[in-house]
Amino acid sequence: MSLILAIESSCDEMAMAILKDEREFLSSVVASQIDVHAMYGGVVPEIASRKHVECVSLVLKETLNKANVTIDEIDAIAVTKGPGLVGSLHIGLQAAKTIAMAYHKPLIGVHHIAGHIYANNYVQNIIYPSLCLVVSGGHSELVLLKAPFKFEVIGQTLDDAVGEAYDKVGRVLNLPYPGGPIIDKMAAKGNHTYNLPVPLDDESYNFSFSGLKSAVINLNHKAMQRNEEINQEDLAASFQDVVLSVLVNKTIRATKEYGIKQVLMAGGVSANRGLRNAMGEAVGQLDGVELLLPPMSCCTDNAMMIALAAKQMYDLKLFSDLSLGIKPNLDLENESVSGGNQNG
Ligand code: KG4
Ligand code: ZN
């Protein structure tokens, strides 16, 4: 039996969870600061770290209470070491190191994106090789998983991440932060009527969303200058349609090229209903390929995903020592079992 306490604080959520064995969660607590940052239209790093300091002990207490366990009973402490906001990461890491040192527990430093990817294990075990479309506020990547904790990034964004583009379009449409989930709902009610450029529709597996984002901003700006009304639901549908077509097409092409039998999605934007449906349909047309999706509660930042990735690392004995530091720009491939320096 194993009990892992996981801490995730890379952005504007302080989250902790306790995982028993493969996928039984004894507790999961997320202290979100979204209301505070919404006032500023996005995450303010200094505020995020100050709020983390205020709530870290309370979240720990609640996580242990809900699980009805003491720290003594925990087998390992997992924590997001990067990528993310420097100050935010620092609070979680200091808490984890303090607990690990005081209670003599092994420490596991987890890559945030590895966490998003292993959120899929909540449903069923990932089979290898598999392909994961990572779409979050900070990342858009196609990751090949060759074996447990063996990552190869075959494509990534050249500019904005998908979630970032969603949130910036949301801002232009005067929607509250974060715009992503709202645009998703609006898109379901609208039609693809606006003509927008399809970004980086090429042979690579890379993505680019800033041109599309700028096209939406320009379209909105011109309409305002001409005193024309924009149909926001149609614009949301047009934007989402173009985004999804690129994400789905490149994922399907890579699935065929690499002979993949299991496609995964990960990150906040994998909660997008339109994307889940479109990917489901496209993968459904491939013979013998299945689509694994993290549950909605595991898509946006939480500590369950960090615990699930940490469980893999625990089994592979990928522990860190107390010299572990935060890594705001951490490379996922470097975390692979054979190529990684887990302590560094
Ligand atoms: O993974 P996440 O919680 O944080 C990062 O690691 O970045 O992702 C947050 C991002 C935000 O940009 C948010 O707008 C987007 O995920 N998001 C969505 C949806 N739900 C969250 N974007 C589109 N549709 C959604 N339903
Ligand atoms: Zn995330």
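**Exercise 1. Burial at an aromatic pair**

Task: In this predicted model, are Tyr118 and Phe149 buried or exposed?

Solution. Tyr118 is buried, and Phe149 is buried too. The cut-off for buried is under 20% relative accessible area. Phe149 has 1% relative accessibility, so it counts as buried.

**Exercise 2. Ring geometry**

Task: Classify the ring pair Phe149 and Phe151, then the pair Tyr118 and Phe149.

Solution.
- Step 1. Take Phe149 and Phe151: the ring centres lie 5.1 Å apart and the planes meet at 70°.
- Step 2. Rings pair if their centres lie within 6.5 Å, and planes over 60 degrees apart count as edge-to-face. The pair Phe149 and Phe151 is therefore edge-to-face.
- Step 3. Check the partner: Phe151 has 5% relative accessibility, so it counts as buried.
- Step 4. The structure holds seven aromatic pairs. For Tyr118 and Phe149, the centres are 5.4 Å apart and the planes are at 10°. Planes under 30 degrees apart count as stacked, so this pair is stacked.
- Step 5. Place the stacked pair in the chain. Tyr118 sits in helix H4 (residues 112–118). Phe149 sits in the loop between strand S7 (140–147) and strand S8 (150–156). The two residues are 31 residues apart, and their pair links distant parts of the chain.
- Step 6. Combine the rings: Tyr118, Phe149 and Phe151 form one aromatic cluster.

**Exercise 3. A glycine in a helix**

Task: Where is Gly170 found, and which residues does Gly170 touch, not counting residues up to four places away in sequence?

Solution.
- Step 1. Gly170 belongs to helix H5 (residues 162–172).
- Step 2. Its relative accessible area is 0%, so Gly170 is buried.
- Step 3. Leaving out residues up to four places away in sequence, Gly170 touches Leu175, Gly179 and Ile183.
- Step 4. For a C-alpha distance, take Ile182. Gly170 and Ile182 are 12 residues apart along the chain, with their C-alpha atoms separated by 7.9 Å.

**Exercise 4. The whole chain**

Task: What is the radius of gyration of the protein chain, and what does the globule rule give for 344 residues?

Solution.
- Step 1. Count the elements: the protein chain has 10 helices and 10 strands.
- Step 2. The radius of gyration is 20 Å, close to the 20 Å from the globule rule for 344 residues, so the chain is as compact as a globular protein of that length.
- Step 3. Add the extents: the C-alpha trace spans about 65 × 45 × 30 Å along its principal axes.
- Step 4. Check burial: 54% of the 344 residues count as buried.
- Step 5. Turn to contacts between residues at least 6 apart in sequence: 72% of them join residues at least 24 apart.

Notes
Residues numbered from 1 in each chain as written. Chains lettered and ligands numbered in written order. Predicted model: local features only at pLDDT ≥ 70, side-chain atom pairs only at ≥ 80, totals over all residues. Heavy atoms only, no water. Helix = DSSP H or I, 4+ residues; strand = E, 2+ residues; numbered from the N terminus. Rg over C-alpha atoms; globule rule 2.2 N^0.38 Å. Buried < 20%, exposed > 50% of the residue type's maximum accessible area, 1.4 Å probe, protein only. Contact = heavy atoms within 4.5 Å. Phe/Tyr/Trp six-rings, centres within 6.5 Å; stacked < 30°, edge-to-face > 60°.
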